[in-house]
Amino acid sequence: MTEEEKTCKNCNYFSQHYFIFHDYLRPTESGHCINAKTHYTKAHRNSSTPACEHFTPAENKKAERTERIENSIRRMERHLSQILLILKNEK
């Protein structure tokens, strides 16, 4: 990985910040480091900030995140189905 690619945005520990704009989530240029070894005063980072000594490439981060989101949606679906059954039985 080149030095140019070694930025916070490409680190496994970088948690992107978002804002709501016209009912859509948009990423900001900032975020924070979720590595426990990062001192809290240095935790707030810009996505283009050069990586610190705790840099870990985020190669599989997107795939893992997508899988976690899909699993969460499936669990939510089961819960909503159960709630719907309860509501139907109360009629």
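**Close-up 1. His 22 and Asp 23 in the loop between E1 and E2 of this predicted model.** His 22 counts as exposed, because its relative accessibility is 61% and the cut-off for exposed is over 50%. Its neighbour in this view, Asp 23, is exposed as well, with a relative accessible area of 75%. Most residues other than glycine have a negative phi. Here, though, phi of His 22 is positive, near 50°, and phi of Asp 23 is also positive, near 65°.

**Close-up 2. The open sheet of three strands.** Follow the strands across the sheet and you will meet them in the order E1-E2-E3, with antiparallel pairing. Strand E1 (14–21) and strand E3 (44–46) are the edge strands, each pairing on one side only. From one strand to the next, the twist averages 45°.

**Close-up 3. Where E1 meets E2.** Strand E2 covers residues 24–33 and runs antiparallel to E1, with seven bridges joining the two. To find one of these partnerships, start at Ser 15 and look across to His 32 in E2, its bridge partner. Strands of a sheet pair through backbone hydrogen bonds.

**Close-up 4. The largest cavity and its lining.** The model has one cavity of 30 Å³ or more, and the space in the largest cavity is about 70 Å³. Look around its lining for Cys 8, Cys 11, Tyr 13, Phe 14, Cys 33, Arg 45, Ala 51, Cys 52 and Phe 55. Eight of the lining residues are nonpolar, one is charged and none is polar. The charged one is Arg 45.

How values were computed: Residues are numbered from 1 along each chain as its sequence is written. This is a predicted model: local features need pLDDT of at least 70, side-chain atom pairs count only at pLDDT 80 or more; totals for chains, interfaces and linings use all residues. Side-chain values use heavy atoms; hydrogens and water are left out. Two strands pair if DSSP finds at least two bridges between them. Helices (H or I, at least four residues) and strands (E, at least two) are DSSP runs, numbered from the N terminus. Axes are lines fitted to C-alpha atoms, for helices over the stretch in contact, and angles run from 0 to 180 degrees between N-to-C directions. On a 1 Å grid over the protein atoms alone, a cavity is a set of points where a 1.4 Å probe fits but cannot get out, and a pocket is an open set with protein on both sides within 12 Å along at least five of seven lines; lining residues have an atom within 4 Å of a point. Grid points are joined across faces, edges and corners, and a volume is the space filled by probe spheres set on the points. Buried means under 20% relative accessible area, exposed over 50%, partly exposed in between (1.4 Å probe, protein chains only).
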